[in-house]
Amino acid sequence: MNITYYPFPPFKIDAGKVNVLDLGNSNMYAEVCQGFRDRIDSVRISNDDLELQTMSSQCNWYGDLMLSVDLNRLFLKKVQTQIIKLMADDRQVAVLDENRKVVSQVMEASFLLDLPLDVDESPSLEQILKFTGVHFPTELMNDPRAILEALVQTHVELGLKQKLVLTNVSHYLNQKQWASFEQLVHDLGATVIVIEYSEINRMEKFKNSCYYYVDEDLVDWRDMN
């Protein structure tokens, strides 16, 4: 895949790796972020043959880990659906049977009241699963490294094929944690695009990632490193 931002030649995105766009120009940083959110047309996506693709078909924008990544909001419904898909048929039948017993017990108890009460029919598997309270733990939401790992793992586990697009990840990770992030992306076969802002070239910091730097004067350092 390639990212094009005029007048620069395409930035090639390496599959199965972390790809860093480190930008020293604030206007370019803002426009690239807006482009990945499909709000402006200055950022274009193409395949390896330079054929244009839609942004939504190739990329999932997640933004800043601590500001815009809510795992439960983003994934919980999909995770619940995936759990049901993975349940064997006999396990699904067993869960529904157990729930019918619960409904029956509640119904019998309701007859003890001299009131015109009714009990709803047995809920679906989706409703039962929601009732069990399956969710990403609250304490995970306070740890950017844990959020990052869970985000990449969930994206892959759900079979989402788009590239993950994040901002400012390096602000939350030290060098060792960044290396672990790179390894996780490699092991899972994910492709991640990280948009960073920096006034200096940081190639040494991201030497195991696919790294691009454009400075404040819009000088592209690809041919100078």
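This report walks through helix packing, nonpolar cores, salt bridges and a few single residues in a predicted model.

**Two helices side by side**

A good place to start is the pair α7 and α8. Two packed helices are described by the angle between their axes and the distance between the axes. Helix α7 covers residues 144-157 and helix α8 covers residues 175-188; they pack at an angle of about 10 degrees, with 10 Å between their axes. Angles under 35 degrees count as roughly parallel, and α7 and α8 are therefore roughly parallel to each other. On the α7 side the contact is made by Arg145, Leu148, Glu149, Val152, Gln153 and Val156, while α8 brings Gln177, Ser180, Phe181, Leu184 and Leu188. Sorted by class, the contact of α7 with α8 has six nonpolar, three polar and two charged residues.

**The nonpolar cores**

Next, the interior. The largest nonpolar core has 30 residues, and Leu151, Trp178 and Phe181 are those with the most contacts inside it. Several elements each supply at least two residues of this core: the strands β3 (18-23), β7 (163-167), β8 (192-197) and β9 (210-214), along with α4 (71-86), α7 and α8. Of these, α7 gives the most, with five residues.

Which residues does Leu151 touch, not counting those up to four places away in sequence? They are Tyr62, Leu65, Val69, Leu71, Phe75, Leu164 and Leu166. Apart from the largest core lies another core, of 23 residues, including Cys59, Val165, Tyr212 and Val214.

**Salt bridges**

Side chains of opposite charge can pair when their charged atoms come close. In this model the count comes to five salt bridges, and three of them are set out here.

| Salt bridge | N to O distance |
|---|---|
| Arg202 and Asp22 | 2.9 Å |
| Arg202 and Glu196 | 3.3 Å |
| Asp220 and Arg222 | 2.6 Å |

Arg202 and Asp22 link distant parts of the chain: Arg202 sits in the loop between β8 and β9, Asp22 in strand β3, and 180 residues separate them. Buried means under 20% relative accessible area. Arg202 has a relative accessible area of 16%, so Arg202 is buried; Asp22, with 0%, is buried too. Glu196 is buried, as is Arg202. Asp22, Glu196 and Arg202 are linked in a network of salt bridges.

In the Asp220 and Arg222 pair, Asp220 is buried because its relative accessible area is 17%, whereas Arg222 counts as partly exposed at 24%.

**Three residues to look up**

Finally, here are three residues you may like to find in the viewer. Is Thr167, in strand β7, buried or exposed? At 5% relative accessibility, Thr167 counts as buried. Leaving aside neighbours within four places in sequence, Thr167 is in contact with Tyr29, Cys33, Trp61, Gly63, Asp64 and Ile195.

Arg100 is found in helix α5, residues 89-110. The relative accessible area of Arg100 is 42%, so this residue is partly exposed. Arg100 and Leu23 are 77 residues apart along the chain, and their C-alpha atoms are separated by 58 Å.

Asn208 has its place in the loop between β8 and β9. Exposed means over 50%, and Asn208 therefore counts as exposed at 56% relative accessibility. Leaving aside neighbours within four places in sequence, Asn208 is in contact with Lys17 and Glu182. From Asn208 to Asp187 it is 21 residues in sequence and 14 Å in space, C-alpha to C-alpha.

Conventions:
Residues numbered from 1 in each chain as written. Predicted model: local features only at pLDDT ≥ 70, side-chain atom pairs only at ≥ 80, totals over all residues. Heavy atoms only, no water. Axes fitted to C-alpha atoms, helices over the stretch in contact; angles between N-to-C directions. Helix = DSSP H or I, 4+ residues; strand = E, 2+ residues; numbered from the N terminus. Parallel < 35°, antiparallel > 145°, perpendicular 65-115°, else oblique. Contact = heavy atoms within 4.5 Å. Nonpolar A, V, L, I, M, F, W, Y, C, P; charged D, E, K, R; others polar. Core = buried A, V, L, I, M, F, W, Y, C linked by side-chain atoms within 4.5 Å. Buried < 20%, exposed > 50% of the residue type's maximum accessible area, 1.4 Å probe, protein only. Salt bridge = Lys/Arg side-chain N within 4 Å of Asp/Glu carboxyl O.
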